[in-house]
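Trainee: Could we go through this structure together, helix by helix and then residue by residue?

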Amino acid sequence: MEGSGLRLDQMRVVLTGASGGIGSALAQALLQQGAHLLLVSRSADKLQTLQARLGSASVSTLVADVTQAQDRAKIVAAAISFQANVLINNAGIPSFGALQPLPPEQLEAVLHTNLLAPILLTQGLLPHLTRQAAAHVLNIGSVLGRLGLPGYSVYCASKFGLRGFSEALRRELQFTPVRVQYLGPRATQTTFNDAAAARYQQHTGTHTDTPQQVAQAALRLLQSADAECFLGFPEKWAVKLNAVAPQMLDRAFRSHTEFVMKGE
């Protein structure tokens with residue numbers, strides 16, 4: 001495809017958060033297209049299960065926590081040895097609820113995992129990626145990286161930051177072999193969110209996608225020249241409207257606000 005740089009079967013991918021719903025679906029989709037994978041997760045058991053399910057010599061695994069400096073160093077060293085040319089920052093944690101009662105340590109964990117860790121990991125691997133003939137950094141964010149929702153203030157902050165990082169770094173690296181892209185899924189049918197968030201989605205009529213749909217969107221983005229992609233309708237429409245007239249959407253989110261403030 002135009003400007004894609006690498007075919008999928010040429011990709012040697014470091015994938016963080018590999019054992020989660022989106023991560024495991026993305027690993028399966030990439031493997032089916034001939035990519036070689038270095039799968040990273042904090043959970044040794046889940047990684048072992050995923051590797052057994054994938055059943056391929058093209059899959060390597062690494063147990064590591066992206067929020068820990070020593071583990072990020074392990075990922076960078078393993079990625080260089082693996083001759084990686086693609087980094088997919090997919091590891092993340094959720095946060096739902098009104099801001100005031102959220103524990104400070106939860107706020108710090110969300111911002112550290114969803115924003116600071118991928119920035120630091122990308123920084124650590126960038127010298128290696130810029131030496132490749134072609135390379136990709138794909139940041140798996142959220143539609144909430146462009147659309148602020150009541151109940152998701154901290155999560156939105158982390159994903160708005162990740163999208164801004166992606167945009168700025170893309171422009172910074174435009175004369176290098178490294179392409180930077182951002183994928184913004186909407187709500188996805190995984191165990192990522194807790195029961196309260198699930199009730200919120202049901203109350204507000206939130207549309208969802210399967211992890212497999214998100215994985216296929218990621219593959220299409222990797223093979224395109226697009227900078228970013230957001231999934232779903234009306235979410236795509238809302239993202240565009242929010243960019244030019246954000247206050248027009250305030251009324252549309254009244255039921256969301258009411259649900260959050262009642263603490264249901």
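What follows is a conversation about some helices and single residues of this predicted model.

Trainee: What span does helix α3 reach from its first C-alpha to its last?

Mentor: Helix α3 covers residues 69-82 and has 14 residues. At 1.5 Å a residue the expected span is 20 Å, and the computed one is close to that value, with α3 reaching 20 Å.

Trainee: Where around the axis of α3 do its buried residues lie?

Mentor: The residues in question are D71, R72, I75, V76, A79 and F82, which are the buried ones of α3. Because they cover an arc of only 145° around the axis, they are placed on the same side of α3.

Trainee: Which residues are exposed on the other side of α3, and which elements do its buried residues pack against?

Mentor: On the side of α3 opposite the buried residues, the exposed ones are Q70 and S81. The buried residues, for their part, pack against the strands β1 (12-15), β2 (36-41) and β3 (59-63), and also against the helix α4 (104-129).

Trainee: Which residue follows α3, and what is the sign of its phi?

Mentor: The residue that comes after α3 is Q83. The phi of Q83 is near 60°, and its sign is positive.

Trainee: Are the helices α1 and α2 roughly parallel or roughly antiparallel to each other?

Mentor: Two packed helices are described by the angle between their axes and the distance between the axes. For α1 (residues 21-32) and α2 (residues 44-54), the axes come within 11 Å and cross at roughly 30°. Angles under 35 degrees count as roughly parallel, and α1 and α2 are therefore roughly parallel.

Trainee: Which residues make the contact between α1 and α2, and is the crossing left-handed or right-handed?

Mentor: From α1 the contact is made by S24, A27, Q28 and L31, while α2 contributes L50, R53 and L54. As α1 passes α2, the crossing is right-handed.

Trainee: Is N242 buried or exposed, and which residues does it touch?

Mentor: N242 is found in helix α8 (residues 235-244). Buried means under 20% relative accessible area, and because N242 has a value of 17%, N242 is buried. Leaving aside residues up to four places away in sequence, N242 touches R146, L147 and L249.

Trainee: Is M261 buried or exposed, and how far apart in space are M261 and A195?

Mentor: M261 lies in helix α9 (residues 254-262). A relative accessible area over 50% counts as exposed, so M261, with 62%, is exposed. M261 and A195 are 66 residues apart in sequence, and in space their C-alpha atoms are apart by 16 Å.

Technical notes:
Residues numbered from 1 in each chain as written. Predicted model: local features only at pLDDT ≥ 70, side-chain atom pairs only at ≥ 80, totals over all residues. Heavy atoms only, no water. Helix = DSSP H or I, 4+ residues; strand = E, 2+ residues; numbered from the N terminus. Expected span 1.5 Å × (residues − 1). Buried < 20%, exposed > 50% of the residue type's maximum accessible area, 1.4 Å probe, protein only. Arc of directions from axis to C-beta. Contact = heavy atoms within 4.5 Å. Axes fitted to C-alpha atoms, helices over the stretch in contact; angles between N-to-C directions. Parallel < 35°, antiparallel > 145°, perpendicular 65-115°, else oblique. Left-handed = near helix turned anticlockwise from the far one by under 90°.
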